[in-house]
Amino acid sequence: ESKEQSVTDRLYEVCKLLKENVTYYDWVGFYFKNEDKEELKLRTYVGEKTDHEIIPFGKGICGQVAISNENFVVPDVQAQDNYIACSINVKSEIVIPLFKNGENIGQIDIDSDTADPFTEKDERFLEFVNQEVAKIL
Ligand code: SME
């Protein structure tokens, strides 16, 4: 097994743990920036299958975070005009950028079927998760 594959396996385990332990985390995935292309690529996830394996910078919530380097909490996805729908069940979303050596290299993306569930506790917790994840990359 390659280093890349074993890292992907561990990221998958992180997704699984998060989804299993937080009732309102219904889809959990990691996107990473593609080398020399202005796009994000889905590395691994748990939850409903998605068609959005590739997301151009600037597009959707994920694409905006690729550029802004800021957390993006969406209490109501219907109220967003720059949003990419993955499933009709999704009501809210949180995207937290992942930094390695100070550089925004990707993000954790979580969808919820619950309206407005995310608080600052989720932001602090997921920032911590991303910091830990960055250590194994
Ligand atoms: N909703 C995201 C697209 C990715 S799916 O949630 C898996 C967005 O607007 O960027």
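Select V73 and I94: I94, in β5, is the bridge partner of V73. This is a predicted model, where local features need pLDDT of at least 70, side-chain atom pairs count only at pLDDT 80 or more, and totals for chains, interfaces and linings use all residues. Residues are numbered from 1 along each chain as its sequence is written.

Now show all of β4 and β5 (92–100). They pair in the antiparallel sense over 3 bridges. (Strands pair if DSSP finds at least two bridges between them. Strands are DSSP runs of E, at least two residues, and helices are runs of H or I, at least four, numbered from the N terminus.)

Next, color the sheet. Its 6 strands are open and antiparallel, in the order β3-β2-β1-β6-β5-β4. Find the edges: β3 (54–56) and β4 (72–74) have a single partner strand each, so one side of each lacks a neighbour in the sheet.

Turn to the helices. Select α1 (3–21), which packs on the sheet and touches β1 (27–33) and β2 (39–46). The direction of α1 makes about 60 degrees with that of β2. Then select α2 (60–68), which touches β1, β2, β3, β4, β5 and β6 (103–112). Its angle with β5 is about 30 degrees. (Contact means C-beta atoms, placed from the backbone, within 7 Å. Axes are lines fitted to C-alpha atoms, for helices over the stretch in contact, with angles from 0 to 180 degrees between N-to-C directions.)

Last stop: the ligand. Which residues come nearest? G60, I61, C62, I84 and C86, of the 15 around the ligand. (Near means a C-beta atom, placed from the backbone, within 6 Å.) The largest share of the shell, 4 residues, comes from α2.

Definitions and conventions. Two residues are in contact if their C-beta atoms, placed from the backbone, lie within 7 Å.
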